[in-house]
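Me: I have a structure open and would like to talk through a few spots in it. Can we start with how the helices are named?

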Amino acid sequence: MSLLLLVLLLPLPSISGLPFYNGFYYSNGPHGQHRGNGYGEGLFNGVKLVVETPKETLFTHRGANATLPCRYGYEPALASPRPVRIKWWKLSENGSPEQDVLVAIGLKHRSFGDYQGRVHLHQDKEGEASLEIRNLRLEDSGRYRCEVIDGLEDESGLVELELRGVVFPYQPPQGRYELNFYEAQRACEEQDAVVASFEQLFRAWEEGLDWCNAGWLQDASVQYPITWPRRPCGGLHLAPGVRSYGPRHRRLHRYDVFCFAPAPKGQVYYLEHPEKLTLPEAKRACEEDGTQIAKVGQLFAAWKFRGLDRCDAGWLADGSARYPVAHPRPNCGSLEAGVRSFGFPDPLSRQHGVYCYRQR
Ligand SMILES: *[C@@H]1O[C@H](CO)[C@@H](O)[C@H](O)[C@H]1NC(C)=O
């Protein structure tokens, strides 16, 4: 399309005597400034700046490099390129401030904050403004805006980036509703995870997560996902859904937490060992195997992304004992896939094996 227009326009370049002619009036003010220094004023009647980004969410994983596509152009197309300013920023997710990611004018770039040294603008083709983010972090998931500024024209498009991962509810050894928001953040980090966002919990609910205890989310709201309504979980009259207690006091209020663990880099395995172990023995046994006792987030991720399936309960780093079931069967817990928990047994009891984690 733009190629066709270009071909049609090429034979006409200088008839008008204006510095730039594309079949539309050039309204550059009374003094007829030259293009180039007319930045900010060079508007064309009837020419529209268009920015295109993909509608589908981009899925990727922690540690990967992702390219957020963004292209811009003019309708109708212009005969020659114009200097534009490109700005990428990350939208706020209820409560967290928006973040500048990168701005570029011509070939000059500047990136900000956590993105410094990790972002790169693809400008190899005309109209290209895609952003590459390297070595993705869990916190990078979210919505990004690609903004193109040409003089007074300003258009933008959205790109949604999601990291693959699994949402799981977490309760500390002390029991139910013991964590304020900051402790909840720490609890997830200790499981190699982060506090889940509402979008992540919602997606998990769509995939069937049902949990009757309320937990913190990234925006410091407290919610819980219900797939089949029942009396102790908000009552029978409420429709299935993610139910919210709304924003809570980060320091004073205490709940469980929903954590989000990334798709695994390493491998979780059940250690073949002649006898059952205490918690300290379990930690040592993994070390003797050249690995480490697995964290809760790592076990969930291995279950979800690697189909880890084992009917033996094993110790994990936080002192809980669990086992992952990818293919439900009789004599192996309930008839739904999931990670089953035995809570936090006496650390010196010898009734469990151990799950270890091998870094790749
Ligand atoms: C990401 O890009 C950098 C630079 O091009 C490269 O060195 C690195 O291997 C890439 N990482 C992955 C996971 O592809």
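Reply: Helices here are DSSP runs of type H or I with at least four residues, numbered from the N terminus. Please keep in mind that this is a predicted model.

Me: OK, so what follows α5?

Reply: Right after α5 comes G307, and the phi of G307 is positive, near 65 degrees.

Me: And is α5 largely enclosed or open, and why?

Reply: Helix α5 covers residues 296-306, and eight of its 11 residues are buried, so the helix is largely enclosed by the rest of the structure. The buried ones are V296, G297, Q298, L299, F300, A301, A302 and W303.

Me: What covers those buried residues of α5?

Reply: The cover includes several strands, among them β14 (165-170), β19 (256-262) and β20 (267-270), and also β23 (321-325), β24 (338-341) and β25 (353-358).

Me: Two of those strands bring me to S349; where is the place of that residue?

Reply: S349 sits in the loop between β24 and β25. Its relative accessibility is 16%, and because the cut-off for buried is under 20%, S349 counts as buried.

Me: What does S349 touch?

Reply: Leaving aside residues up to four places away in sequence, S349 touches L277, T278 and W315. In addition, a polar atom of the S349 side chain lies 2.6 Å from the backbone oxygen of D346.

Me: Switching topic, which residues surround the ligand?

Reply: The ligand is surrounded by G63, N65 and R134, and a polar side-chain atom of N65 lies 2.3 Å from one of the ligand's oxygen atoms. Taken alone, the ligand exposes 360 Å², of which the protein buries 31%.

Note on methods:
Residues are numbered from 1 along each chain as its sequence is written. This is a predicted model: local features need pLDDT of at least 70, side-chain atom pairs count only at pLDDT 80 or more; totals for chains, interfaces and linings use all residues. Side-chain values use heavy atoms; hydrogens and water are left out. A residue is near a molecule or strand if one of its heavy atoms lies within 4 Å of it. A polar contact is a pair of N or O atoms within 3.5 Å; within protein, one must be able to donate a hydrogen and the other to accept it, and residues adjacent in sequence count only if both atoms are side-chain atoms. Accessible areas come from the Shrake-Rupley method with a 1.4 Å probe; for residues, only the protein chains shown count as cover. Buried means under 20% relative accessible area, exposed over 50%, partly exposed in between (1.4 Å probe, protein chains only). Helices (H or I, at least four residues) and strands (E, at least two) are DSSP runs, numbered from the N terminus. Contact means heavy atoms within 4.5 Å.
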